[in-house]
Each structure stands twice: as C-alpha cells, then as structure tokens.
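User: Please take a close look at the backbone of this model, at the places where it departs from the usual geometry, and describe what lies around them.

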Amino acid sequence: MSNKFEDIPFESNMVPEKMELGSKLKFRCYKGISCFNACCKRADITLTPYDILRLKDRVGMSSTEFLKEHTVPFHMEQDGLPGVKLRTTDEGACLFVTEDGCSVYSDRPTSCRYYPLGHMAMRKSGEQHEETHYFLVKEDHCKGHDEERELSIQEYLKEQETVQYDEMNKEWLQIMLKKRSAGSTVGQLPEATLQMFFMCSYDMDRLRRFVLSDAFKNSYELEETVYEALEQEDVPLMQFGIKFMKQAFFAERTIPEKDKAWEKRVQERDEVWEARRQAELARHQQAEDDKYKDQDSD
Ligand code: SF4
Ligand code: SF4
C-alpha cells in the first residue's frame, strides 16, 4: 500500500487521470477477498500529525514513545521537510496487521482510509484557495478493482470516514503547500527550523514542554485557560503547533506576543545576520591577505 501525500501521478501504478469528488470508482475491499491483507503486508504509510495522535492513544503510548517504537523518519521528496512513516517489519508488513485485518482499524491513518486513492492539494498561481485532486492507485496485488461495485469518490470517502481526518489535516497540509510554493530554498532550511517543524508536527510531548516553558510564557501573551488546554489536551496543542509554525515560518502573527517581543526578535535576528555578514567579510579578507602573502613569498 503506497499512498503518500507528496505523490505525483507519474508512477506506473497511478492511473494518470485527474478525478473529482463526483468521479466514479469501481472498487470493493472486504474480509474474504483473495488479496485480504496483501496491501498491509507491503505498507508505505506516511503519517500526518493527527494520525499520530489517534494511533498513539490507541496503543497507549506518549507521542515520543510512539515515534520511537512505531515510526521511521524520512525527508519528504518535494521539500526536504521531515516526514514520518509507519515502521514495518523487514519484509515491509505493517506492525498493526493481523490475520483478521487491521488491529487499529477505527484509528487507522489517513493514507489507509484513502487507499486506493491518492490525493493532493494544489493551488493555482494567484488563487487563495487550494483544490484537492484525486488519483486512482492500481497495484497488481490489489484485487478490489476487479469487483463490480461502483461508487463515487465522495461516497467512498464517506464510507472510510475521512471527514474528521481531512479537517484535522487541512491546515498542516496547507503549511507544506505554502512551503512548496515558496520554492526550492526550503530544502536548505537550517537544522533548527527542521527540528521545529518535526516537534510542532509530530512530537506533542516535546511541544507541550516548549509551550509551557518560562521562556515561551515570557514571549507570548496567552490566557491561562489556553495554557490549561494546551497542558491537558492533544488536539488543541496540535492546532497550536500549526499556528506557531505559521508564525515562525511565514511571519503570520497568529499568536499574540508580549510587548515588543516581536520587534526584539526581529532586532536580534538582524544582529545575528549582521554578525554573520561581518564574520564572512573577515574570512574573505583573511583569505585575500593569505593569497597576497603567498604571492610575495614566491
Ligand atoms: S494501519 Fe492498518 S490499514 Fe494501515 S497499513 Fe497498517 S494494518 Fe493496514
Ligand atoms: S482489496 Fe486491495 S485494499 Fe483490500 S485487502 Fe485486497 S489489496 Fe488490500
């Protein structure tokens, strides 16, 4: 099963036809079909922040434990941002598959719900809102395509209960879309920025410690009730992490800052840039001096 958000429909198993919500799909998957579980035995599942929340609660782990035990990190192809996939056995089988099917079915990830559809959000230049396009993934081992049942993509997604997942994933996917449209420089982002993306997207334990720290509280102006929610609940914390990334990456003022904190940070950043520029000039000057010294001694 391969159904990645960053997939572009140029792979052999993608039917290169753009589909809309009303497009028809001929497919049926059920226990007893000859290929039952074949997809989960070749699983390549990219996880969203909400997928991780649901799964870590399902298996009763903290997010840090879940990331360590059940995921592997990777760089997302188009932007170099850190992604996480479900860990598999050496043979590629999902750790949650059993003889009876998926052992975490009601909390299965977005990709598993969408299969055999791929989907991606695109924004036309100059337009505010993105459109979602769907693509059919046809893999030889999946016999669900030979079944007679026909339904629309909308009906299929309703059956798979994707609505809540789509709602929860929306803003996070928008961040990646925005990063992508910012161009290829994203791949060269500093390590600290990539780590922040990882923490805000996937590791709610670490994000919680960060937002409850004195340093954070001294910089941001939030009501005590907001801090209480961030301390006790995961979904508001995940949504806050997304807001924080918008502020940090795109300078959107999504979180109120304490007096002058914003200006102070901009000033500090300018000072860092100036210090780097001066260091670079000094290095360049030193290299030039060394070159002339070498020429003189010749
Ligand atoms: S989470 Fe469930 S549905 Fe998804 S690959 Fe694993 S076993 Fe299959
Ligand atoms: S029909 Fe396709 S999705 Fe269903 S069990 Fe078979 S391989 Fe998996």
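Analyst: A residue is called exposed here if 12 or fewer other C-beta atoms lie within 10 Å of its own, buried if there are 20 or more, and partly exposed in between. The model is predicted. As background, most residues other than glycine have a negative phi, and most peptide bonds are trans.

E161 has a positive phi, near 50 degrees, and is not a glycine. Its place is the loop that joins helix 4 (153-159) to helix 5. E161 has 11 C-beta neighbours inside 10 Å and therefore counts as exposed.

N37 is likewise not a glycine, and its phi is positive at about 80 degrees. N37 sits in the loop between strand 2 (24-26) and helix 1 (49-58). Because N37 has 16 C-beta neighbours inside 10 Å, it counts as partly exposed. N37 is also one of the residues around ligand 2, a set that includes C29, C35, C39, Y115, H141 and C142. By class, this shell has eight nonpolar residues, three polar and one charged.

Y115, another residue around ligand 2, leads into a cis peptide bond: the bond from Y115 to P116 has omega near 10 degrees. P116 belongs to the loop between helix 3 (110-114) and strand 7 (117-122).

A further positive phi, about 70 degrees, is found at G60, just after helix 1. Helix 1 itself is mostly covered, with eight of its 10 residues buried. The buried residues are P49, Y50, D51, I52, L53, R54, L55 and K56. Among the elements that cover them are helix 2 (63-70), helix 3, helix 5, helix 6 (191-202) and helix 10.

Two of these covering elements, helix 5 and helix 10, also pack against each other. Two packed helices are described by the angle between their axes and the distance between the axes. For helix 5 (residues 163-181) and helix 10 (residues 234-250), the axes come within 10 Å and cross at roughly 15 degrees. An angle under 35 degrees counts as roughly parallel, so helix 5 and helix 10 are roughly parallel to each other. Their crossing is left-handed. On the helix 5 side, the contact is made by E171, W172, I175 and K178, which meet I242, M245, K246 and F250 of helix 10. This contact comprises five nonpolar and three charged residues, with no polar ones.

How values were computed. Residues are numbered from 1 along each chain as its sequence is written. Chains are lettered from A and ligands numbered from 1 in the order in which they are written. This is a predicted model: local features need pLDDT of at least 70, side-chain atom pairs count only at pLDDT 80 or more; totals for chains, interfaces and linings use all residues. Axes are lines fitted to C-alpha atoms, for helices over the stretch in contact, and angles run from 0 to 180 degrees between N-to-C directions. Helices (H or I, at least four residues) and strands (E, at least two) are DSSP runs, numbered from the N terminus. Angles under 35 degrees count as roughly parallel, over 145 as roughly antiparallel, 65 to 115 as roughly perpendicular and the rest as oblique. A crossing is left-handed if the near helix is turned anticlockwise from the far one by less than a right angle, and right-handed if clockwise. Two residues are in contact if their C-beta atoms, placed from the backbone, lie within 7 Å. Ala, Val, Leu, Ile, Met, Phe, Trp, Tyr, Cys and Pro count as nonpolar, Asp, Glu, Lys and Arg as charged, and the others, Gly among them, as polar. A residue is near a molecule or strand if its C-beta atom, placed from the backbone, lies within 6 Å of it.
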